[in-house]
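Reader: I would like to go through this model by its contacts, cavities and backbone angles. Where shall we start?

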Amino acid sequence: MNYCIKNNYFFIIILSIFSCTTDDDNLEESLRLNSIEGNFLLETQQDVNDFGDLNYESIDGSLVIGNSTGMSNITSLEPINNLKAVFGFLSIQNNPQLTSLSGLENLRYMCHSEPSSIRIINNDGLTEISAISNINYCDMMSLTLKDNNSLSNIDAFSEIRNLSQIILQSNENLIDLSAFNNLEQVRYLALIDGNFSNVGFNNLNTCDTLHIVSCNNLTHVNSLSNLTNLRVLELGLPGAFLQYQYDPILSNQSLASLDGLSNVTNLEAIGIGGGSSDLRSLPNFKGTIGSIALHNTAIENLDGFSQGTQDYHTDLYIYDNYNLENVDGLLNYHVLGEIYLVNNTNLNNIDGFDTVSEIIAGYIFIDGNSIEQTNSVFENLTTINFYEINITNNSGFDHFSGFNVLNTENLSVNINNNTDLASIDAFNTLERVSLNFINNPNLTSILGFDNVIEADLTIGYSAISNPNQPVEIIDVFNPSAIINNLGIFNTNISNLDSFQNFSLNELIQIYNNGLLTDFCGISNQVVNSTTSTLIYDVRDNLFNPSRYDLVDGDCSN
(Lines give C-alpha, C1' and ligand atoms only; values in the text may rest on other atoms or scores of the structure.)
Protein backbone atom coordinates (compact mmCIF):
# COMPACT_ATOMS: atom_id res chain seq x y z
CA MET A 1 0.00 0.00 0.00
CA ASN A 2 2.77 2.41 0.94
CA TYR A 3 4.65 1.46 -2.19
CA CYS A 4 1.65 2.27 -4.38
CA ILE A 5 1.20 5.58 -2.64
CA LYS A 6 4.86 6.48 -3.16
CA ASN A 7 4.63 5.63 -6.83
CA ASN A 8 1.47 7.64 -7.20
CA TYR A 9 3.18 10.62 -5.63
CA PHE A 10 6.11 10.13 -7.98
CA PHE A 11 3.77 10.01 -10.94
CA ILE A 12 2.06 13.19 -9.80
CA ILE A 13 5.39 14.98 -9.42
CA ILE A 14 6.52 13.95 -12.90
CA LEU A 15 3.19 14.96 -14.34
CA SER A 16 3.42 18.31 -12.62
CA ILE A 17 6.91 18.98 -13.98
CA PHE A 18 5.85 18.01 -17.48
CA SER A 19 2.77 20.18 -17.19
CA CYS A 20 4.77 23.18 -15.96
CA THR A 21 7.30 22.76 -18.77
CA THR A 22 4.53 22.53 -21.35
CA ASP A 23 2.75 25.56 -19.93
CA ASP A 24 6.01 27.50 -19.91
CA ASP A 25 6.70 26.61 -23.55
CA ASN A 26 3.16 27.52 -24.52
CA LEU A 27 3.43 30.90 -22.78
CA GLU A 28 6.74 31.66 -24.47
CA GLU A 29 5.33 30.75 -27.88
CA SER A 30 2.22 32.85 -27.25
CA LEU A 31 4.35 35.83 -26.22
CA ARG A 32 6.50 35.45 -29.31
CA LEU A 33 3.53 35.25 -31.65
CA ASN A 34 1.92 38.29 -30.06
CA SER A 35 5.09 40.38 -29.74
CA ILE A 36 5.16 44.00 -30.70
CA GLU A 37 7.80 44.34 -33.38
CA GLY A 38 10.09 47.34 -33.18
CA ASN A 39 13.04 49.03 -31.53
CA PHE A 40 12.25 51.14 -28.48
CA LEU A 41 14.42 53.87 -26.90
CA LEU A 42 13.43 55.11 -23.43
CA GLU A 43 15.71 58.06 -22.66
CA THR A 44 13.85 59.72 -19.76
CA GLN A 45 11.71 58.70 -16.82
CA GLN A 46 8.72 60.04 -18.70
CA ASP A 47 9.55 57.71 -21.60
CA VAL A 48 9.57 54.78 -19.16
CA ASN A 49 6.23 55.85 -17.70
CA ASP A 50 4.62 56.26 -21.13
CA PHE A 51 5.95 52.89 -22.30
CA GLY A 52 4.53 51.28 -19.16
CA ASP A 53 1.11 52.73 -19.95
CA LEU A 54 1.10 50.68 -23.16
CA ASN A 55 1.13 47.46 -21.07
CA TYR A 56 3.28 45.62 -23.59
CA GLU A 57 4.11 42.08 -22.50
CA SER A 58 6.44 41.13 -25.33
CA ILE A 59 8.80 42.90 -27.73
CA ASP A 60 10.42 41.45 -30.83
CA GLY A 61 13.34 43.82 -31.37
CA SER A 62 15.41 46.01 -29.09
CA LEU A 63 14.68 47.88 -25.88
CA VAL A 64 17.18 50.55 -24.84
CA ILE A 65 16.66 52.10 -21.43
CA GLY A 66 18.78 55.22 -21.00
CA ASN A 67 20.16 58.12 -22.96
CA SER A 68 22.08 57.15 -26.07
CA THR A 69 24.42 60.18 -25.98
CA GLY A 70 24.37 61.58 -22.44
CA MET A 71 23.02 60.74 -18.98
CA SER A 72 19.35 60.02 -18.33
CA ASN A 73 17.15 61.03 -15.39
CA ILE A 74 15.61 57.56 -15.05
CA THR A 75 15.17 56.47 -11.43
CA SER A 76 12.70 53.57 -11.65
CA LEU A 77 11.68 50.77 -14.02
CA GLU A 78 8.55 49.87 -12.01
CA PRO A 79 6.22 51.26 -14.70
CA ILE A 80 7.27 48.47 -17.13
CA ASN A 81 6.66 45.57 -14.73
CA ASN A 82 4.21 44.02 -17.17
CA LEU A 83 7.05 43.15 -19.58
CA LYS A 84 7.59 39.39 -19.86
CA ALA A 85 9.68 38.98 -23.02
CA VAL A 86 12.25 40.83 -25.10
CA PHE A 87 13.19 38.69 -28.07
CA GLY A 88 16.32 40.53 -29.10
CA PHE A 89 18.43 43.21 -27.46
CA LEU A 90 18.06 44.76 -23.98
CA SER A 91 20.35 47.62 -23.03
CA ILE A 92 20.30 49.55 -19.77
CA GLN A 93 22.81 52.35 -20.15
CA ASN A 94 23.85 55.78 -18.87
CA ASN A 95 21.44 55.92 -15.94
CA PRO A 96 23.36 57.41 -12.97
CA GLN A 97 20.26 57.70 -10.74
CA LEU A 98 19.01 54.14 -11.26
CA THR A 99 19.82 52.05 -8.16
CA SER A 100 18.05 48.78 -9.02
CA LEU A 101 16.31 47.00 -11.88
CA SER A 102 13.08 46.56 -9.91
CA GLY A 103 10.25 46.41 -12.40
CA LEU A 104 11.87 43.72 -14.55
CA GLU A 105 10.95 40.83 -12.22
CA ASN A 106 8.46 39.46 -14.75
CA LEU A 107 10.94 39.50 -17.62
CA ARG A 108 11.60 35.87 -18.36
CA TYR A 109 11.92 35.16 -22.05
CA MET A 110 14.70 36.42 -24.33
CA CYS A 111 15.77 33.31 -26.22
CA HIS A 112 14.19 32.01 -29.36
CA SER A 113 15.71 31.28 -32.77
CA GLU A 114 17.93 34.39 -32.93
CA PRO A 115 20.83 35.52 -30.70
CA SER A 116 19.89 37.92 -27.93
CA SER A 117 21.81 40.07 -25.48
CA ILE A 118 21.69 42.05 -22.25
CA ARG A 119 23.95 45.07 -21.86
CA ILE A 120 24.14 46.92 -18.54
CA ILE A 121 26.56 49.78 -19.04
CA ASN A 122 27.55 52.96 -17.21
CA ASN A 123 24.98 53.01 -14.44
CA ASP A 124 27.00 54.45 -11.55
CA GLY A 125 24.23 54.26 -8.96
CA LEU A 126 23.21 50.67 -9.72
CA THR A 127 23.81 48.48 -6.66
CA GLU A 128 21.75 45.36 -7.35
CA ILE A 129 20.25 43.56 -10.33
CA SER A 130 18.22 40.79 -8.69
CA ALA A 131 15.15 41.71 -10.75
CA ILE A 132 16.60 39.97 -13.83
CA SER A 133 17.21 36.65 -12.06
CA ASN A 134 14.05 35.11 -13.55
CA ILE A 135 15.23 35.26 -17.16
CA ASN A 136 15.62 31.93 -18.93
CA TYR A 137 19.20 32.40 -20.07
CA CYS A 138 20.43 30.26 -22.97
CA ASP A 139 23.49 29.54 -25.06
CA MET A 140 22.47 32.11 -27.71
CA MET A 141 22.57 35.00 -25.22
CA SER A 142 25.40 37.41 -24.52
CA LEU A 143 25.83 39.44 -21.34
CA THR A 144 27.80 42.64 -20.82
CA LEU A 145 28.36 44.44 -17.51
CA LYS A 146 30.55 47.52 -17.92
CA ASP A 147 31.27 50.68 -15.92
CA ASN A 148 28.72 50.04 -13.17
CA ASN A 149 30.91 51.30 -10.35
CA SER A 150 28.52 50.66 -7.44
CA LEU A 151 27.52 47.15 -8.47
CA SER A 152 28.87 44.54 -6.07
CA ASN A 153 26.33 41.71 -6.22
CA ILE A 154 25.48 39.74 -9.36
CA ASP A 155 23.74 36.74 -7.76
CA ALA A 156 21.02 37.19 -10.36
CA PHE A 157 23.20 35.06 -12.62
CA SER A 158 23.77 32.19 -10.20
CA GLU A 159 21.56 29.69 -12.07
CA ILE A 160 23.04 30.24 -15.52
CA ARG A 161 24.56 27.13 -17.13
CA ASN A 162 25.25 28.24 -20.70
CA LEU A 163 25.81 31.57 -22.44
CA SER A 164 27.26 32.69 -25.74
CA GLN A 165 29.31 35.59 -24.40
CA ILE A 166 30.15 37.29 -21.11
CA ILE A 167 32.01 40.61 -20.85
CA LEU A 168 32.72 41.98 -17.36
CA GLN A 169 34.59 45.26 -17.64
CA SER A 170 35.48 48.11 -15.29
CA ASN A 171 32.91 47.45 -12.56
CA GLU A 172 34.90 48.99 -9.72
CA ASN A 173 33.21 47.32 -6.73
CA LEU A 174 32.57 43.94 -8.32
CA ILE A 175 35.11 41.75 -6.52
CA ASP A 176 33.13 38.51 -6.23
CA LEU A 177 32.40 36.50 -9.38
CA SER A 178 31.14 33.40 -7.57
CA ALA A 179 27.67 34.04 -9.03
CA PHE A 180 28.98 32.35 -12.19
CA ASN A 181 30.16 29.22 -10.40
CA ASN A 182 27.36 27.16 -11.97
CA LEU A 183 28.21 28.25 -15.51
CA GLU A 184 29.45 25.29 -17.53
CA GLN A 185 29.82 26.60 -21.07
CA VAL A 186 30.46 29.97 -22.70
CA ARG A 187 31.87 30.75 -26.12
CA TYR A 188 33.62 34.00 -25.19
CA LEU A 189 34.54 35.15 -21.69
CA ALA A 190 36.23 38.55 -21.21
CA LEU A 191 37.33 39.87 -17.83
CA ILE A 192 38.71 43.38 -18.27
CA ASP A 193 39.92 45.93 -15.73
CA GLY A 194 38.53 43.99 -12.77
CA ASN A 195 39.35 44.27 -9.06
CA PHE A 196 38.67 40.64 -8.14
CA SER A 197 41.42 38.37 -6.81
CA ASN A 198 39.66 35.10 -7.67
CA VAL A 199 38.41 34.56 -11.17
CA GLY A 200 35.56 32.25 -10.10
CA PHE A 201 33.70 30.21 -12.74
CA ASN A 202 34.43 27.05 -10.75
CA ASN A 203 32.38 24.67 -12.92
CA LEU A 204 33.30 26.09 -16.30
CA ASN A 205 34.41 23.23 -18.55
CA THR A 206 34.07 24.65 -22.06
CA CYS A 207 35.11 28.08 -23.35
CA ASP A 208 36.12 28.93 -26.89
CA THR A 209 38.02 32.12 -25.94
CA LEU A 210 39.15 33.31 -22.50
CA HIS A 211 40.29 36.93 -22.43
CA ILE A 212 41.69 38.46 -19.21
CA VAL A 213 43.22 41.95 -19.32
CA SER A 214 44.19 44.46 -16.60
CA CYS A 215 42.84 42.44 -13.69
CA ASN A 216 45.69 43.49 -11.46
CA ASN A 217 44.52 41.87 -8.21
CA LEU A 218 44.32 38.44 -9.81
CA THR A 219 47.10 36.16 -8.54
CA HIS A 220 46.05 32.79 -9.97
CA VAL A 221 43.38 31.02 -11.99
CA ASN A 222 43.01 27.93 -9.81
CA SER A 223 39.22 28.16 -9.89
CA LEU A 224 39.37 27.21 -13.60
CA SER A 225 40.72 23.74 -12.89
CA ASN A 226 37.58 22.16 -14.42
CA LEU A 227 38.19 23.91 -17.72
CA THR A 228 39.23 21.27 -20.25
CA ASN A 229 37.97 22.67 -23.53
CA LEU A 230 39.63 26.01 -24.27
CA ARG A 231 40.58 26.99 -27.79
CA VAL A 232 42.05 30.51 -27.37
CA LEU A 233 43.70 32.01 -24.27
CA GLU A 234 44.40 35.76 -24.22
CA LEU A 235 46.03 37.24 -21.11
CA GLY A 236 47.02 40.89 -21.30
CA LEU A 237 46.87 41.02 -25.09
CA PRO A 238 44.00 42.03 -27.38
CA GLY A 239 44.56 38.85 -29.36
CA ALA A 240 46.58 35.64 -29.62
CA PHE A 241 47.40 36.00 -33.33
CA LEU A 242 49.33 39.28 -33.21
CA GLN A 243 52.50 40.57 -34.74
CA TYR A 244 54.32 43.19 -32.69
CA GLN A 245 52.38 46.42 -33.16
CA TYR A 246 52.63 48.24 -29.84
CA ASP A 247 54.26 48.24 -26.40
CA PRO A 248 52.03 46.07 -24.17
CA ILE A 249 50.84 47.87 -21.06
CA LEU A 250 51.36 46.22 -17.69
CA SER A 251 48.41 43.90 -17.35
CA ASN A 252 47.39 41.30 -14.76
CA GLN A 253 50.31 42.55 -12.71
CA SER A 254 49.82 40.14 -9.79
CA LEU A 255 49.19 37.00 -11.85
CA ALA A 256 51.89 34.55 -10.78
CA SER A 257 50.51 31.17 -11.83
CA LEU A 258 48.48 29.63 -14.63
CA ASP A 259 48.47 26.16 -13.09
CA GLY A 260 44.67 26.27 -12.92
CA LEU A 261 44.69 25.74 -16.69
CA SER A 262 46.69 22.51 -16.53
CA ASN A 263 43.68 20.41 -17.52
CA VAL A 264 43.09 22.18 -20.83
CA THR A 265 43.43 19.62 -23.62
CA ASN A 266 42.60 21.40 -26.87
CA LEU A 267 44.34 24.78 -26.83
CA GLU A 268 44.86 26.23 -30.31
CA ALA A 269 46.24 29.72 -29.61
CA ILE A 270 47.71 31.56 -26.64
CA GLY A 271 48.65 35.19 -26.12
CA ILE A 272 50.25 36.51 -22.92
CA GLY A 273 51.46 40.09 -22.58
CA GLY A 274 52.54 42.71 -20.10
CA GLY A 275 52.09 40.45 -17.10
CA SER A 276 53.50 39.94 -13.64
CA SER A 277 57.23 39.57 -13.09
CA ASP A 278 56.32 36.52 -10.97
CA LEU A 279 54.85 34.61 -13.92
CA ARG A 280 58.04 32.79 -14.92
CA SER A 281 56.74 29.40 -16.09
CA LEU A 282 53.75 27.93 -17.87
CA PRO A 283 51.73 24.77 -17.24
CA ASN A 284 51.92 22.00 -19.81
CA PHE A 285 49.44 23.15 -22.41
CA LYS A 286 47.92 20.46 -24.60
CA GLY A 287 46.25 20.84 -27.95
CA THR A 288 46.98 21.52 -31.60
CA ILE A 289 48.64 24.85 -30.96
CA GLY A 290 48.54 27.12 -34.01
CA SER A 291 49.72 30.41 -32.52
CA ILE A 292 51.93 31.46 -29.60
CA ALA A 293 52.22 35.16 -28.72
CA LEU A 294 54.32 36.20 -25.72
CA HIS A 295 54.93 39.94 -25.29
CA ASN A 296 56.87 41.54 -22.43
CA THR A 297 56.64 38.64 -19.98
CA ALA A 298 58.97 37.19 -17.31
CA ILE A 299 58.65 33.67 -18.75
CA GLU A 300 62.00 31.85 -18.71
CA ASN A 301 61.37 29.06 -21.22
CA LEU A 302 58.77 27.61 -23.55
CA ASP A 303 58.63 24.18 -21.92
CA GLY A 304 54.90 24.60 -21.32
CA PHE A 305 54.37 24.03 -25.04
CA SER A 306 56.43 20.85 -25.25
CA GLN A 307 53.33 18.61 -25.09
CA GLY A 308 51.49 20.51 -27.80
CA THR A 309 50.87 19.01 -31.21
CA GLN A 310 50.33 20.45 -34.67
CA ASP A 311 47.45 20.19 -37.09
CA TYR A 312 48.89 22.51 -39.75
CA HIS A 313 51.52 25.00 -38.57
CA THR A 314 52.35 27.22 -35.60
CA ASP A 315 52.94 30.98 -35.71
CA LEU A 316 55.34 32.48 -33.16
CA TYR A 317 55.23 36.07 -31.90
CA ILE A 318 57.85 36.18 -29.11
CA TYR A 319 58.70 39.77 -28.09
CA ASP A 320 60.44 41.47 -25.15
CA ASN A 321 60.51 38.46 -22.85
CA TYR A 322 63.36 39.59 -20.65
CA ASN A 323 63.94 36.27 -18.85
CA LEU A 324 63.53 33.93 -21.83
CA GLU A 325 66.68 31.82 -22.17
CA ASN A 326 65.86 29.35 -24.94
CA VAL A 327 63.14 28.00 -27.20
CA ASP A 328 63.77 24.31 -26.49
CA GLY A 329 60.10 23.76 -25.70
CA LEU A 330 59.42 23.94 -29.44
CA LEU A 331 61.42 20.83 -30.37
CA ASN A 332 58.18 18.94 -31.11
CA TYR A 333 57.11 21.53 -33.67
CA HIS A 334 58.20 20.62 -37.19
CA VAL A 335 56.17 23.11 -39.25
CA LEU A 336 56.11 26.80 -38.33
CA GLY A 337 54.36 29.77 -39.90
CA GLU A 338 55.51 33.26 -39.09
CA ILE A 339 58.44 33.60 -36.67
CA TYR A 340 58.90 36.87 -34.83
CA LEU A 341 61.65 36.49 -32.21
CA VAL A 342 62.29 40.06 -31.10
CA ASN A 343 64.05 41.84 -28.21
CA ASN A 344 64.42 38.84 -25.93
CA THR A 345 67.52 40.18 -24.24
CA ASN A 346 68.41 37.08 -22.19
CA LEU A 347 68.00 34.56 -25.01
CA ASN A 348 71.06 32.30 -25.15
CA ASN A 349 70.31 30.15 -28.18
CA ILE A 350 67.65 29.12 -30.67
CA ASP A 351 68.43 25.40 -30.81
CA GLY A 352 64.73 24.72 -30.30
CA PHE A 353 64.25 25.36 -34.02
CA ASP A 354 66.56 22.51 -35.03
CA THR A 355 63.68 20.11 -35.69
CA VAL A 356 61.79 22.52 -37.92
CA SER A 357 61.59 21.19 -41.48
CA GLU A 358 59.16 23.65 -43.09
CA ILE A 359 58.09 27.25 -42.61
CA ILE A 360 54.99 28.54 -44.33
CA ALA A 361 52.69 31.54 -44.49
CA GLY A 362 55.00 34.17 -43.05
CA TYR A 363 58.47 35.52 -42.38
CA ILE A 364 61.39 34.96 -40.05
CA PHE A 365 62.34 37.99 -37.95
CA ILE A 366 65.13 37.34 -35.45
CA ASP A 367 65.73 40.83 -34.16
CA GLY A 368 67.22 42.49 -31.08
CA ASN A 369 68.13 39.34 -29.15
CA SER A 370 71.32 38.47 -27.25
CA ILE A 371 72.01 35.09 -28.82
CA GLU A 372 75.26 33.43 -27.78
CA GLN A 373 75.00 30.90 -30.57
CA THR A 374 78.04 28.85 -31.60
CA ASN A 375 76.46 25.99 -33.54
CA SER A 376 74.43 26.05 -36.74
CA VAL A 377 70.73 26.87 -36.64
CA PHE A 378 67.72 25.61 -38.59
CA GLU A 379 69.81 22.70 -39.89
CA ASN A 380 66.77 20.56 -40.80
CA LEU A 381 64.82 23.31 -42.51
CA THR A 382 64.30 22.38 -46.15
CA THR A 383 61.38 24.53 -47.30
CA ILE A 384 60.19 28.09 -46.77
CA ASN A 385 56.99 29.04 -48.53
CA PHE A 386 57.60 32.78 -48.34
CA TYR A 387 60.29 35.25 -49.28
CA GLU A 388 62.12 36.89 -46.38
CA ILE A 389 64.52 36.12 -43.52
CA ASN A 390 65.63 38.99 -41.30
CA ILE A 391 68.47 38.50 -38.81
CA THR A 392 68.95 41.99 -37.45
CA ASN A 393 70.02 44.02 -34.40
CA ASN A 394 71.24 40.99 -32.45
CA SER A 395 74.21 40.87 -30.13
CA GLY A 396 76.10 37.93 -28.68
CA PHE A 397 76.97 35.62 -31.56
CA ASP A 398 80.12 36.32 -33.53
CA HIS A 399 79.70 33.62 -36.17
CA PHE A 400 76.47 32.84 -37.98
CA SER A 401 75.93 29.49 -39.69
CA GLY A 402 72.95 27.36 -40.54
CA PHE A 403 70.08 26.92 -43.00
CA ASN A 404 72.36 24.56 -44.90
CA VAL A 405 69.72 22.19 -46.31
CA LEU A 406 67.28 24.95 -47.24
CA ASN A 407 66.38 25.18 -50.90
CA THR A 408 63.79 27.82 -51.63
CA GLU A 409 63.49 29.93 -54.77
CA ASN A 410 63.67 33.73 -54.71
CA LEU A 411 64.37 34.13 -51.00
CA SER A 412 65.37 37.48 -49.51
CA VAL A 413 67.96 37.29 -46.70
CA ASN A 414 68.77 40.39 -44.66
CA ILE A 415 71.58 40.21 -42.10
CA ASN A 416 71.89 43.71 -40.68
CA ASN A 417 73.03 45.61 -37.59
CA ASN A 418 74.35 42.64 -35.63
CA THR A 419 76.92 44.20 -33.34
CA ASP A 420 79.13 41.18 -32.59
CA LEU A 421 78.82 39.32 -35.88
CA ALA A 422 82.26 38.71 -37.39
CA SER A 423 81.70 35.98 -39.96
CA ILE A 424 78.96 34.26 -41.94
CA ASP A 425 79.00 30.82 -43.50
CA ALA A 426 75.45 29.69 -44.20
CA PHE A 427 72.67 28.96 -46.70
CA ASN A 428 74.82 26.61 -48.74
CA THR A 429 71.99 25.02 -50.75
CA LEU A 430 70.09 28.09 -51.95
CA GLU A 431 70.07 28.73 -55.68
CA ARG A 432 68.26 32.04 -56.16
CA VAL A 433 68.44 34.72 -53.50
CA SER A 434 68.55 38.41 -52.68
CA LEU A 435 71.22 39.13 -50.03
CA ASN A 436 71.72 42.21 -47.88
CA PHE A 437 74.53 42.60 -45.33
CA ILE A 438 74.26 46.07 -43.80
CA ASN A 439 75.79 47.78 -40.74
CA ASN A 440 77.38 44.77 -39.08
CA PRO A 441 80.31 46.69 -37.52
CA ASN A 442 82.54 43.66 -36.86
CA LEU A 443 81.76 41.65 -39.99
CA THR A 444 84.98 40.70 -41.77
CA SER A 445 84.12 37.50 -43.67
CA ILE A 446 81.13 36.49 -45.81
CA LEU A 447 81.22 32.86 -46.95
CA GLY A 448 78.65 30.25 -47.86
CA PHE A 449 75.78 30.45 -50.35
CA ASP A 450 77.84 27.99 -52.37
CA ASN A 451 75.10 26.81 -54.74
CA VAL A 452 73.58 30.19 -55.63
CA ILE A 453 73.27 30.55 -59.39
CA GLU A 454 71.37 33.86 -59.51
CA ALA A 455 71.34 36.66 -56.95
CA ASP A 456 71.14 40.29 -55.94
CA LEU A 457 73.94 41.15 -53.48
CA THR A 458 74.22 44.25 -51.31
CA ILE A 459 77.02 44.66 -48.78
CA GLY A 460 76.72 47.84 -46.75
CA TYR A 461 74.55 50.90 -47.25
CA SER A 462 75.22 53.60 -49.79
CA ALA A 463 75.01 56.60 -47.41
CA ILE A 464 78.49 57.91 -46.67
CA SER A 465 77.55 58.51 -43.03
CA ASN A 466 76.71 54.88 -42.52
CA PRO A 467 79.00 52.80 -40.23
CA ASN A 468 81.78 50.92 -41.92
CA GLN A 469 81.64 47.13 -42.22
CA PRO A 470 85.23 45.89 -42.09
CA VAL A 471 84.54 43.16 -44.62
CA GLU A 472 87.75 41.83 -46.13
CA ILE A 473 86.68 38.45 -47.55
CA ILE A 474 83.73 37.83 -49.87
CA ASP A 475 83.65 34.29 -51.20
CA VAL A 476 80.13 33.32 -52.16
CA PHE A 477 78.03 31.73 -54.91
CA ASN A 478 78.51 29.16 -57.59
CA PRO A 479 81.46 30.17 -59.86
CA SER A 480 79.13 30.67 -62.82
CA ALA A 481 76.47 32.60 -60.92
CA ILE A 482 74.54 35.53 -62.33
CA ILE A 483 74.47 38.68 -60.16
CA ASN A 484 71.76 41.02 -61.38
CA ASN A 485 72.40 43.83 -58.89
CA LEU A 486 75.68 44.25 -57.00
CA GLY A 487 76.17 46.87 -54.29
CA ILE A 488 79.32 47.16 -52.13
CA PHE A 489 79.45 50.07 -49.68
CA ASN A 490 81.63 51.04 -46.72
CA THR A 491 83.81 47.90 -46.50
CA ASN A 492 87.51 47.12 -46.08
CA ILE A 493 87.87 45.02 -49.23
CA SER A 494 90.86 45.87 -51.37
CA ASN A 495 89.95 43.99 -54.56
CA LEU A 496 87.02 42.43 -56.40
CA ASP A 497 88.75 39.23 -57.47
CA SER A 498 86.06 36.99 -55.96
CA PHE A 499 83.61 38.32 -58.59
CA GLN A 500 85.71 37.63 -61.67
CA ASN A 501 83.75 34.58 -62.88
CA PHE A 502 80.25 35.97 -62.28
CA SER A 503 77.94 37.44 -64.87
CA LEU A 504 77.01 40.99 -63.81
CA ASN A 505 73.78 41.84 -65.55
CA GLU A 506 71.99 45.03 -64.52
CA LEU A 507 73.55 47.27 -61.89
CA ILE A 508 76.94 47.74 -60.19
CA GLN A 509 77.20 50.29 -57.36
CA ILE A 510 80.47 50.49 -55.41
CA TYR A 511 80.87 53.42 -52.95
CA ASN A 512 82.95 54.50 -49.98
CA ASN A 513 85.32 51.55 -49.75
CA GLY A 514 88.45 53.19 -48.36
CA LEU A 515 90.89 50.39 -49.20
CA LEU A 516 89.53 49.34 -52.60
CA THR A 517 92.14 49.81 -55.33
CA ASP A 518 91.66 46.78 -57.60
CA PHE A 519 88.63 46.45 -59.91
CA CYS A 520 90.18 43.87 -62.24
CA GLY A 521 87.83 41.14 -60.98
CA ILE A 522 84.86 42.84 -62.68
CA SER A 523 86.72 44.54 -65.53
CA ASN A 524 85.81 42.02 -68.25
CA GLN A 525 82.11 42.04 -67.35
CA VAL A 526 81.96 45.83 -67.53
CA VAL A 527 84.01 46.08 -70.72
CA ASN A 528 81.86 43.49 -72.49
CA SER A 529 78.60 45.24 -71.59
CA THR A 530 76.92 48.44 -72.70
CA THR A 531 75.45 51.28 -70.70
CA SER A 532 71.98 50.13 -71.70
CA THR A 533 72.45 46.65 -70.29
CA LEU A 534 74.70 47.28 -67.26
CA ILE A 535 74.76 50.42 -65.12
CA TYR A 536 78.24 51.00 -63.66
CA ASP A 537 78.32 53.47 -60.75
CA VAL A 538 81.62 53.80 -58.83
CA ARG A 539 82.55 56.63 -56.43
CA ASP A 540 84.36 57.63 -53.24
CA ASN A 541 86.61 54.55 -53.13
CA LEU A 542 90.40 54.74 -52.82
CA PHE A 543 90.45 54.12 -56.58
CA ASN A 544 87.48 54.88 -58.87
CA PRO A 545 88.08 53.72 -62.45
CA SER A 546 85.56 54.77 -65.04
CA ARG A 547 84.08 52.43 -67.62
CA TYR A 548 86.55 53.92 -70.13
CA ASP A 549 89.48 53.28 -67.76
CA LEU A 550 88.52 49.61 -67.64
CA VAL A 551 88.30 49.46 -71.43
CA ASP A 552 91.83 50.84 -71.54
CA GLY A 553 93.01 48.15 -69.13
CA ASP A 554 93.38 50.55 -66.20
CA CYS A 555 91.62 48.42 -63.54
CA SER A 556 93.90 48.81 -60.51
CA ASN A 557 95.99 51.40 -58.77
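Author: Start with a glutamate. The model is predicted. In it, E300 has a relative accessible area of 29%, so E300 counts as partly exposed.

Reader: Which residue forms a salt bridge with E300?

Author: General chemistry first: side chains of opposite charge can pair when their charged atoms come close. Here the closest N and O atoms are 3.0 Å apart. E300 sits in the loop between β12 (291-295) and β13 (314-319), and its partner sits in the loop between β11 (269-273) and β12, 20 residues apart. The partner is R280.

Reader: Is R280 buried, partly exposed or exposed?

Author: Buried would need under 20% relative accessible area, and exposed over 50%. R280 has 38%, so R280 is partly exposed.

Reader: Which residues are joined into one network by salt bridges that share partners?

Author: Take one pair first. D208 forms a salt bridge with R231, with the closest N and O atoms 2.9 Å apart. D208 is in strand β9 (residues 206-213) and R231 is in strand β10 (residues 229-235), which puts distant parts of the chain, 23 residues apart, in one link. Shared partners give a network of D208, R231 and E268.

Reader: What relative accessibility does R231 have?

Author: The cut-offs matter again: partly exposed lies between 20% and 50%. R231 counts as partly exposed because its relative accessibility is 30%.

Reader: How many salt bridges does the structure hold, and which residue pairs with K84?

Author: The total is 8 salt bridges. In the K84 pair, the closest N and O atoms are 3.1 Å apart. K84 lies in the loop between β2 (58-65) and β3 (85-86), and its partner in the loop between α2 (45-53) and β2, so the pair ties together parts that are 27 residues apart in sequence. That partner is E57.

Reader: What are the relative accessible areas of K84 and E57?

Author: Both values fall between the 20% and 50% cut-offs. K84 counts as partly exposed, at 21%. E57 is partly exposed too, at 35%.

Reader: Now the interior. Which residues have the most contacts inside the largest nonpolar core?

Author: In soluble globular proteins, nonpolar side chains tend to be buried together. The largest nonpolar core here has 150 residues. A second, separate core has 6 residues, including A293, Y317, Y319 and V342. In the largest core, the most contacts belong to L101, F353, F378, F400, F403 and F477.

Reader: What does F477 touch, leaving out residues up to four places away in sequence?

Author: Contact means heavy atoms within 4.5 Å. With sequence neighbours left out, F477 touches L435, G448, F449, D450, V452, A455, L457, I483 and F502.

Reader: F449 is on that list. What is its phi?

Author: Most residues other than glycine have a negative phi. F449 is not a glycine, yet its phi is positive. F449 lies in the loop between β23 (445-448) and β24 (454-459). At a relative accessible area of 0%, F449 is buried. Its phi is about 55 degrees.

Reader: Which residue has a positive phi near 60 degrees?

Author: The residue is other than glycine. Its place is the loop between β5 (116-121) and β6 (141-146). Its relative accessible area is 21%, so it is partly exposed. The residue is N122.

Reader: How many cavities of 30 Å³ or more are there, and what volume has the largest?

Author: There are 4 cavities of that kind. The largest cavity holds about 70 Å³.

Reader: Which strand gives the largest share of the lining of that cavity?

Author: The lining includes I350, F397, H399, F400 and S401. Its residues divide into 7 nonpolar, 4 polar and no charged. The largest share is 3 residues, from residues 399-402. That is strand β19.

Reader: How far apart in space are L507 and I483?

Author: L507 lies in strand β27. Beyond four places in sequence, L507 is in contact with N484, N485, L486, L534 and I535. L507 and I483 are 24 residues apart in sequence. C-alpha to C-alpha, the distance is 8.8 Å.

Reader: What covers the buried residues of helix α3?

Author: Helix α3 spans residues 520-527, and its buried residues are G521, I522, S523, Q525 and V526. The cover includes β27 (503-511), β28 (535-539) and α4 (547-551).

Technical notes:
Residues are numbered from 1 along each chain as its sequence is written. This is a predicted model: local features need pLDDT of at least 70, side-chain atom pairs count only at pLDDT 80 or more; totals for chains, interfaces and linings use all residues. Side-chain values use heavy atoms; hydrogens and water are left out. On a 1 Å grid over the protein atoms alone, a cavity is a set of points where a 1.4 Å probe fits but cannot get out, and a pocket is an open set with protein on both sides within 12 Å along at least five of seven lines; lining residues have an atom within 4 Å of a point. Grid points are joined across faces, edges and corners, and a volume is the space filled by probe spheres set on the points. Helices (H or I, at least four residues) and strands (E, at least two) are DSSP runs, numbered from the N terminus. Ala, Val, Leu, Ile, Met, Phe, Trp, Tyr, Cys and Pro count as nonpolar, Asp, Glu, Lys and Arg as charged, and the others, Gly among them, as polar. Buried means under 20% relative accessible area, exposed over 50%, partly exposed in between (1.4 Å probe, protein chains only). A nonpolar core is a set of buried Ala, Val, Leu, Ile, Met, Phe, Trp, Tyr and Cys residues joined through side-chain atoms within 4.5 Å. A salt bridge is a side-chain nitrogen of Lys or Arg within 4 Å of a carboxyl oxygen of Asp or Glu.
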